[in-house]
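Me: Please take a close look at one buried loop residue in this chain, and then connect it to the sheets and helices that make up the rest of the picture. I would like a careful, continuous account rather than a list.

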Amino acid sequence: MQRVRLTQLDGKLPNLALMKLAHWHRAQGDEVVFTRRPDRDFFEPEFDVVYGSAIFTRTMPTVERFRRAFPGALVGGTGTGATYTVEDVIGGEYERYDYTDYPGFAPSIGFTQRGCRFSCGWCVVPGKEGRPKPVNTIPDIWRGEGHPRKLHLLDNDFFGQPREEWEARLEEIRSGGFRVCLNQGINIRVISPAAAEALSTVEYRDDGFTERRLYTAWDNVGDERVFFRGVDRLEKAGIPPQHIMAYMLVGFDPAETMERVLYRFHRMADRGVLPYPMVYDDRQLGDRGPSRSLGTFGPGEDGAARFRKLKQLQRWAIHGLYRDKETPFEAYDSSIRGRRRDREAQFTLEV
């Protein structure tokens, strides 16, 4: 029997990689300790195996603290730059998860598919997971009787799996009476009329399972036509624009201007879509990649000034001030307390 330490270094949702490791090790009869503490406690025993997982690049200082405390630890996750996966560690595919270490989390969480059809410059999914492939059914993911019929699906390209697979998953959701949060969003640029019709028949919800919500993205102005074609298809199928939250990537294109950013923002708002600016932040990249913070939004504005302006835009949007015609972004004072709780720190797109 081994003594195993699992360390979640960031993120609010349960960490699926650690849940998978917890299940695998406990199935071997190992003793598993779960913690969010990066440092070694004075009274901690010695461990045979130590794991750490981080999602966000902003966590790198914490990751380094963790590595200093546990030099032999296996550290993975998008936020660490690691290229290996849980499957590499345990030697094969494994789709079982242990919820023991998340007693306050009631829904069921998982993937029906992995991978993505596209190769967006800021996204690591295609490189790590390849082309879309089905991995689980809804009965595989649901924890079973006694648990809420609420699903957090983390699929990056739900409709990228074969049609017969996504149709089967939506039928399982519908016939099972599940509420589903498509947490990572759908690709509205390529959604077909058939997919829109099928999606309209299920109880899609936000991540709190209280509001009707679909998540998607509009990342560059060049996709305007296909983005709104997707909005039209969803609306024709019975999904109103007011149910759509669109994350808009800002700060990635060095040639981007504030005029183009605001054009995209207001096009969505005027259509009824809820726009949510996601500020691209590569300040933690170090030597791992090229900086894209060198563009300007005006004479004399450097990358840092550009980043601050985009974060102001994000706060303006979160506070809902764009609905107030008397408070255009140009007149926005970021020191004003908004009508909504400022959650902007949670919504910076990281590499």
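**A loop aspartate and its surroundings**

Reply: Leaving aside residues up to four places away in sequence, aspartate 157 touches Gln113, Gly115, Cys116, Arg117, Phe118 and Pro132. These contacts, like everything that follows, are read from a predicted model. Aspartate 157 sits in the loop that leads from β8 (150–153) to α6 (163–175), and its relative accessibility is 3%, so it counts as buried, the cut-off being 20%.

The strand before this loop, β8, belongs to an open sheet of 4 strands, arranged in the order β5-β8-β9-β10 with parallel pairing. The edges of that sheet are held by β5 (108–110) and β10 (203–204), each of which has a single partner strand, so that one side of each is left without a neighbour in the sheet. Strand β9 (residues 179–182) pairs with β10 in the parallel sense through 2 bridges, and valine 180 stands opposite tyrosine 204 in β10.

Following the chain onward from β10, one meets phenylalanine 209 in the loop that runs to β11 (214–217). Phenylalanine 209 is not a glycine, and yet its phi is positive, at about 60°. With a relative accessible area of 5%, phenylalanine 209 is, like aspartate 157, a buried loop residue.

The edge strand β5 also offers a way into another part of the chain, since β5 is among the elements against which the buried residues of α1 pack, together with β1 (3–8), β2 (31–35), β3 (49–53) and α3 (86–90). The buried residues in question are Leu16, Leu18, Met19, Lys20, Leu21, Ala22 and His25, a set that includes a lysine and a histidine as well as leucines. Helix α1 itself comprises residues 16–27, which is 12 residues, and its first and last C-alpha atoms lie 16 Å apart, close to the 16 Å expected at 1.5 Å a residue. At the start of α1, a side-chain oxygen of asparagine 15 comes to within 3.1 Å of the backbone nitrogen of alanine 17, while just after the helix glycine 29 adopts a positive phi of about 90°.

Helix α1 lies across β1, β2 and β3, and runs at about 170° to β1. Those three strands, together with β4, form an open sheet of 4 strands in the order β2-β1-β3-β4, and here too the pairing is parallel. Because β2 and β4 (74–76) stand at the edges with a single partner strand each, one side of each is left without a neighbour in the sheet. From one strand to the next, the twist averages 15°.

Within this sheet β1 has a partner on either side in the strand order. It is joined to β2 by 5 bridges, the two strands running parallel, and one of the pairings sets arginine 3 against its bridge partner in β2, glutamate 31. With β3, β1 likewise pairs in the parallel sense over 5 bridges, and there the bridge partner of glutamine 8 is serine 53. Strand β1 is mostly covered, with 5 of its 6 residues buried.

A further helix, α9 (residues 258–271), shows how buried and exposed positions can be divided around an axis. Its 14 residues should span 20 Å at 1.5 Å a residue, and its end C-alpha atoms are indeed 20 Å apart, which agrees. The buried residues of α9 are Met258, Val261, Leu262, Arg264, Phe265 and Met268. Viewed down the axis of α9, these residues fall within an arc of 160°, so they line one face of the helix. An α-helix has 3.6 residues a turn, so residues three or four places apart point the same way. Exposed residues Glu259 and Asp270 are carried on the face of α9 that is turned away from its buried side. Just after α9, glycine 272 takes a positive phi of about 100°.

Seen as a whole, the protein chain has 10 helices and 14 strands, and of its 351 residues 50% count as buried. Among contacts in the chain with a separation of 6 or more, 72% are between residues 24 or more positions apart. The surroundings of aspartate 157, which include Gln113 and Pro132, give a local example of contacts between residues separated along the sequence.

Technical notes:
Residues numbered from 1 in each chain as written. Predicted model: local features only at pLDDT ≥ 70, side-chain atom pairs only at ≥ 80, totals over all residues. Heavy atoms only, no water. Expected span 1.5 Å × (residues − 1). Buried < 20%, exposed > 50% of the residue type's maximum accessible area, 1.4 Å probe, protein only. Arc of directions from axis to C-beta. Pairing = 2+ DSSP bridges. Contact = heavy atoms within 4.5 Å. Polar contact = N/O pair within 3.5 Å; in protein donor to acceptor, adjacent residues only side chain to side chain. Axes fitted to C-alpha atoms, helices over the stretch in contact; angles between N-to-C directions.
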